[in-house]
Structure formats: C-alpha cells, structure tokens
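I opened the notebook for a pass through strand pairing, helix packing and the chain contact. The entries follow in the order in which I looked things up.

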Amino acid sequence: MTTLRLPHLAGVGTVLRSDAVRRGRTKSLGHLTDEELLDLLARSDERALAELYDRFGGVAYGLALRILRDETLAQDAVQDAFLAVWRSAATFLPERARPSTWILTLVHRRAVDLVRREERRRGEPLDDSLHAAAAATDDEASVRFHRRLVQEALRRLPPDQREALELGYYGGLTQSQIAERLGEPLGTIKSRTFAGLARLRELLREAGVEEPVAG
Amino acid sequence: MRVNDTDLHELAAAYALDALDDDDRAAFERHLAACEQCAHEVASFRETAASLAYAVDAPAPPAELRGRILDAARADRPNVVPLPRRWTLPALGGVAAVAAVAALALGVWSVSLSSQLDDERSAREATERALAFAADPDAARTELTGAEGSLVVGEGRSAALVVCRLAEAPGGKTYEAWVIQGGRPQPAGVFDGGAGCRAVPLERPVPAGATVAVTIEDGRVAQPTGEPVITAEPA
C-alpha cells in the first residue's frame, strides 16, 4: 500500500501554528511546541491557554458534540477540559503522552461523564438528530487531511470491530451496554474492542499518522 | 467475577476508550498499578483513541467559547492564595515543588492534617500525596453531596477529599471521614473546615463499591456517632 507520510499531531501542530500566525491570532506563541505551551501554562500564562485552544479547540468541540449531541453540553465539556488543563498543566508528564493526546483524553472523559450523567437523569439516550446534520466547517487544511486519513483507516476495519469502537468512543457506551445493544456476549465485545483498536493503531501507523509514544 | 491476566490485558483498549464498566475499570486499574507493560499499552492506545477525535465531522465551535474559557481561567486564578510560609518553594525538593505548583494551580491553599500525622514531615508527605491525587487527570473524581468539592480516587484506590468553603464544625468539634463498605464504617482521618479549598488525604483506600462519608465528631472516634453531613459514592 502507498504510505502517506503525514507528520503526527506534532507536525499537524506545526502547520496549525503557521496558519494561526497568518491569521494573527496568537502571534507571539505560535512558534512554541505544545510541550512548551504547557510549561507556560503551568506558570499561569493565559496566552498559552489561548494558543492551545486555537490548536485543539476545534477538534475537541467536534468530539464533545459527537458524544453529547447537544451544543450547550458540548461547550461545557470543552470548557471543563480546558480548565482542567489550565489547573493541572504542572502535573503533565511529557514522557507519558503528547499534549494533544492528554487534552483530547480530558475532553473525551468529561464528555463521556456528562453523557452518562445526562442519560441517567433523563432515563433515555440523548437525541441523535444533531449528529446526522453535522457537517465539517472551517477547519485547517491539516486537520481535514488528518481527518481523512483516520476516517479511511476506520473504513478499513472489519465492520464489527469498527462498530464496537464507535459505540464505545463516540457513543459513550460501556462494554456491557454495547453487548446488550448488539445482543452479543460481553466477552465477544471486549475481544472485538481490543482487536479493533489494535488494528486501527496498525493502520494509522502504516498511514504515518501515528508514531510510537516518545520515551 | 475472577478475571485472569490475559483478560485484564485485553481491557487496556476499552480502558483507553473510557468504555469499561465500573467493576472492570476498578480491576484493571488495580492491575495497571503494578503492570508496566499495561501502562505502555494504555499510553499507546490513548494515542490511537485520540486520533479518533480527528475523524469527527462537526461544525466549528461557537466563536464565544474561546473567550468564555479564557474568562473562566482568569476567574479561576484569583482563588489562588499563597501557600503557607513553611511550604514556600525554595524549602522543598523536586516532588514537593511540583506538588506545590499543582496546589497553586488548583487553588488549594491549605491541607488539613489528621491527628495521626502529628509530625510535620509525614504531614507534608501526606499533603503531597493528596495534592498529587487532586491534580492527577487520570484520577477518578466524584462530586461530593453535602459540600463543595470532590472525592479523588487515584492509583491503587488511594483517595483524597478536596473540600471547598466548608464551614468550621460547630462547638469545637471536628470532621471525621469514613470509608464505608458492606455497611461497616472505618475511620479515614479527621479534618477541619475553613475558607478556600483543602485536600484531605484519606488514611485508607476506597475500594470499588465503597462509600465515603463525613460526620461531625468530638475529636477522633472509632465509630461514627452522627449522621453523615457529606457523602460521595465513587465509581
């Protein structure tokens, strides 16, 4: 297969940064790496928070909206996650994760917490109509490119593995909820989730999207 | 349910997707604390999971969200009160300095000391542990009922209460924390109220399914005498 060499998120960040500079958003910090921004953030530099939001806020909001299917809740999830970044940047360990992964993990966890809480409260799943109507807008070219590669990798997964990953990651469902919804044994869903994520990792590496974690 | 190590290893994927049921997550986290290979697997799977965020077709966030986040961050900062003098940075080593910075970032200005922790050194270690929990994004948080704050459960189910703006216990009494499992409360430390937020390290782990409660007591007692004023039921 043709290997598309896409720099990982750090590389995407580089492109984003130059876009940001062209737009004159946060000129002074555009040259810094994500890690350097977190260092500044740990010293309460608001500009660093603004710059990180400019880099990852769009993806973060898209993810939160996909999970929560409610614009207000999605905004809350993104805000909570960025405030968590603001408060705990000093505890970030660069050898454990990329900043982008850390931020998106916080966004995901917060969104999943909110969707589970909200569904418990309402006693029913959140309305799914927004998801169908959603359309990508206004993203940086590099983000669109990255999106295309990940979507392509997802398409190449066996459909049952893809379904298990999507219900878990985007649906906010636990393994037993997925098993119940699909009428499959719990053990099958766990195996499928593991096989699917491992296969996706491979496909992304082949596409040059993902490199092993540094350190 | 008893799961073997192969099964546990498999859970790394669903763990990275935040898609484990509570009992499996607790079992996996206990295993994770002692399994370096699993920690690497989780870190690697988290990268893959984060890539999934990029696959979403979604509208751009509303323009005002950026300003709201910056405003909220700004408003967050005035809560920060300098640490008490004995915790000033130059006096502390590396880990302590990190914890102190985390404390500043969290707006945690004071940490109550359990009666068992009467020497300053062990008190400071407990403080650091509690602050590390409080600041650890991987720790599980449960909102408190009855007070502002959260119960933070970290690796190995060690836990801390982060309590904000809790009124002083009346009449010279004190707050006492309990870990309740199977209807049996076990003492987990005493602390005081006060302005600002404080991180209270619990003296015992909080197993899955246990409840943490706080009662008002006449000093440290072995069994609660009053009704809980604060409760938290962690996942």
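**Hairpins in chain B**

I began with Val153(B), whose bridge partner in strand 4 of chain B is Ala159(B). I note here that the model is a predicted one. Strand 3 of chain B and strand 4 (residues 159–166) of chain B run antiparallel and are joined by six bridges. Five residues lie between the two strands in this hairpin, and Gly156(B) has a positive phi near 70 degrees there.

I then went to the other partner of strand 3. Strand 2 (residues 140–143) of chain B pairs with strand 3 (residues 148–153) of chain B in the antiparallel sense, over four bridges. I looked up two of the facing pairs. Arg141(B) is opposite Val152(B) of strand 3 of chain B, and Thr142(B) is opposite Leu151(B) of that strand. The hairpin of strand 2 and strand 3 of chain B has four residues between the strands, with Gly146(B) at a positive phi near 105 degrees.

**Open sheet in chain B**

Next I took the sheet with the strand order 6-5-8-9 in chain B, which is open, has four strands and pairs antiparallel. Which strands are at its edges? They are strand 6 (184–191) and strand 9 (230–232) of chain B, each of which pairs on one side only. I also noted the turn between neighbouring strands of this sheet, 25 degrees on average with direction ignored.

Within this sheet I followed one pair in detail. Strand 5 (residues 174–181) of chain B and strand 6 of chain B are antiparallel and share six bridges. Tyr175(B) has Phe191(B) as its bridge partner in strand 6 of chain B, and Gln181(B) has Arg184(B). The two strands form a hairpin with two residues between them, and Gly182(B) in the turn has a positive phi of about 55 degrees.

**Helix 7 of chain A**

I looked up two packing partners of this helix, one in each chain.

In its own chain, helix 7 (residues 141–155) of chain A packs on helix 10 (residues 186–206) of chain A at an angle of about 135 degrees, and the axes are 9 Å apart. That angle makes helix 7 of chain A oblique to helix 10 of chain A. The crossing of the two is right-handed. On the side of helix 7 of chain A the contact has Val150(A), Ala153(A) and Leu154(A); on the side of helix 10 of chain A it has Leu200(A), Leu203(A) and Leu204(A). By class I listed six nonpolar, no polar and no charged residues for the contact of helix 7 with helix 10 of chain A.

In the other chain, the partner is helix 3 (residues 36–54) of chain B; its axis and that of helix 7 of chain A come within 8 Å and cross at roughly 115 degrees. Helix 7 of chain A and helix 3 of chain B are therefore roughly perpendicular. Their crossing is left-handed. Helix 7 of chain A brings Val143(A), His146(A), Arg147(A), Val150(A) and Leu154(A) to this contact, and helix 3 of chain B brings Ser51(B), Leu52(B) and Tyr54(B). The classes are five nonpolar, two polar and one charged. Val150(A) and Leu154(A) are listed in the contact with helix 10 of chain A and in the contact with helix 3 of chain B.

**A second helix pair between the chains**

I then checked helix 3 (residues 46–68) of chain A against helix 4 (residues 64–76) of chain B. They pack at an angle of about 135 degrees, with axes 10 Å apart. This makes helix 3 of chain A oblique to helix 4 of chain B. The crossing of these two helices is right-handed. From helix 3 of chain A the contact takes Glu46(A), Leu49(A), Ala50(A), Tyr53(A), Asp54(A) and Tyr61(A); from helix 4 of chain B it takes Leu65(B), Arg66(B), Ile69(B), Leu70(B), Ala73(B) and Arg74(B). I recorded eight nonpolar, no polar and four charged residues here.

**The chain contact as a whole**

Last I looked up the totals. How many residues does each chain give to the contact? Chain B gives 51 residues and chain A gives 75 residues. The area buried between the chains is about 6000 Å², with 58% of it from carbon and sulfur atoms. Glu47(B), Tyr54(B) and Arg66(B) supply 14% of the area that chain B buries against chain A, more than any other three residues. Of these, I had already met Tyr54(B) in the contact of helix 3 of chain B with helix 7 of chain A, and Arg66(B) in that of helix 4 of chain B with helix 3 of chain A.

Definitions and conventions. Residues are numbered from 1 along each chain as its sequence is written. Chains are lettered from A and ligands numbered from 1 in the order in which they are written. This is a predicted model: local features need pLDDT of at least 70, side-chain atom pairs count only at pLDDT 80 or more; totals for chains, interfaces and linings use all residues. Side-chain values use heavy atoms; hydrogens and water are left out. Two strands pair if DSSP finds at least two bridges between them. Axes are lines fitted to C-alpha atoms, for helices over the stretch in contact, and angles run from 0 to 180 degrees between N-to-C directions. Angles under 35 degrees count as roughly parallel, over 145 as roughly antiparallel, 65 to 115 as roughly perpendicular and the rest as oblique. A crossing is left-handed if the near helix is turned anticlockwise from the far one by less than a right angle, and right-handed if clockwise. Contact means heavy atoms within 4.5 Å. Ala, Val, Leu, Ile, Met, Phe, Trp, Tyr, Cys and Pro count as nonpolar, Asp, Glu, Lys and Arg as charged, and the others, Gly among them, as polar. Buried area is the accessible area (1.4 Å probe) that two parts lose on being put together, summed over both.
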